[in-house]
Amino acid sequence: MAAWRSWAALRLCATVVLLDMVVGKGFVEDLDESFKENRNDDIWLVDFYAPWCGHCKKLEPIWNEVGLEMKSIGSPVKVGKMDATSYSSIASEFGVRGYPTIKLALIRPLPSQQMFEHMQKRHRVFFVYIGGESPLKEKYIDAASELIVYTYFFSASEEVVPEYVTLKEMPAVLVFKDETYFVYDGKFQVFNSCKTF
């Protein structure tokens, strides 16, 4: 009888541990190449890892707890993980140079004019970066990480921007507010003035 109780207790413990692992992992999305297109409307906290990396393996249970905690507090931030060795082009786009690397994907792409128009209807104030890699983009990312709680940050190609927008040079940062726009002229260190919008 005692052996049966020990066996039942062991099975119960194993079930609880497995359930905890499954539930925790359920809040961390395993990302693939579709992440590039599917991240448009969400803010993501992503762990870029390598399967062979010892530090990555140690981070995994903690990362599962992060996913569970973000879900339990009702955070709009989604938690994911991506094998950076399998999806190296996406990892490179996020500036991943070592493992594990955790990135907050704040700047959402606007892939079409329809999506751009949708964001204009949805948000009173938002910022858009137009162009490729540049020092201005680095400043934009810094500003986004500091001010994401106040407004929305996007990136787009020049073709996606409405026809009424005129750009004298590229890259550029645009601020859309109350159905008009302003071009960031580089005179300010950061976009602190947006806090008053």
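This report describes the fold, one open sheet with its covering helix, and the salt bridges of a predicted model.

**Overall composition**

The protein chain of this predicted model contains six helices and nine strands. Of its 197 residues, 37% are buried, and the accessible surface of the chain comes to about 12500 Å², with carbon and sulfur atoms contributing 56% of that area. Among the contacts in the chain with a separation of 6 or more, 75% are between residues 24 or more positions apart.

**The open sheet and helix α3**

Four strands, in the order β1-β3-β2-β4, make up an open sheet whose pairing is mixed. Its edges are formed by β1 (28–30) and β4 (101–105), each of which pairs on one side only. With direction ignored, neighbouring strands of this sheet are turned against each other by 25° on average. At the β1 edge, β1 and β3 run parallel and are joined by three bridges; within this pairing, Val-28 has Val-79 in β3 as its bridge partner.

Helix α3 lies across β1, β2 (43–49), β3 and β4, and its direction makes an angle of about 160° with β3. Leu-68 is placed in this helix, which spans residues 54–72. Although 40 residues separate Leu-68 from Val-28 in sequence, the C-alpha atoms of the two residues are 7.7 Å apart in space. Leu-68 is partly exposed, because its relative accessible area of 30% falls between the limits of 20% for buried and 50% for exposed residues.

**Salt bridges**

A search of the whole structure finds three salt bridges, which are set out below with the N to O distance of each pair.

| Basic residue | Acidic residue | N to O distance |
|---|---|---|
| Lys-81 | Glu-60 | 3.4 Å |
| Arg-124 | Asp-178 | 3.0 Å |
| Lys-177 | Asp-178 | 2.8 Å |

The salt bridge between the side chains of Glu-60 and Lys-81 links distant parts of the chain, since Glu-60 belongs to helix α3 and Lys-81 to strand β3 (residues 77–83), with their positions 21 residues apart. The helix that lies across the sheet is thus also joined to β3 through a pair of side chains. Glu-60 counts as partly exposed at 30% relative accessibility, whereas Lys-81, with a relative accessible area of 16%, is buried, because the value for Lys-81 is under the 20% limit.

The side chains of Arg-124 and Asp-178 also meet in a salt bridge, and this pair likewise links distant parts of the chain: Arg-124 lies in the loop between α5 (113–122) and β6 (125–130), while Asp-178 lies in the loop between β8 (172–177) and β9 (180–183), 54 residues away in sequence. Asp-178 forms a salt bridge with Lys-177 as well, and Arg-124, Lys-177 and Asp-178 are accordingly linked in a network of salt bridges.

The members of this network fall into three classes of exposure. Arg-124 is exposed, with a relative accessible area of 52%, and Asp-178 is partly exposed at 42%, whereas Lys-177 counts as buried at 17% relative accessibility.

Notes: Residues are numbered from 1 along each chain as its sequence is written. This is a predicted model: local features need pLDDT of at least 70, side-chain atom pairs count only at pLDDT 80 or more; totals for chains, interfaces and linings use all residues. Side-chain values use heavy atoms; hydrogens and water are left out. Helices (H or I, at least four residues) and strands (E, at least two) are DSSP runs, numbered from the N terminus. Buried means under 20% relative accessible area, exposed over 50%, partly exposed in between (1.4 Å probe, protein chains only). A salt bridge is a side-chain nitrogen of Lys or Arg within 4 Å of a carboxyl oxygen of Asp or Glu. Contact means heavy atoms within 4.5 Å. Accessible areas come from the Shrake-Rupley method with a 1.4 Å probe; for residues, only the protein chains shown count as cover. Two strands pair if DSSP finds at least two bridges between them. Axes are lines fitted to C-alpha atoms, for helices over the stretch in contact, and angles run from 0 to 180 degrees between N-to-C directions.
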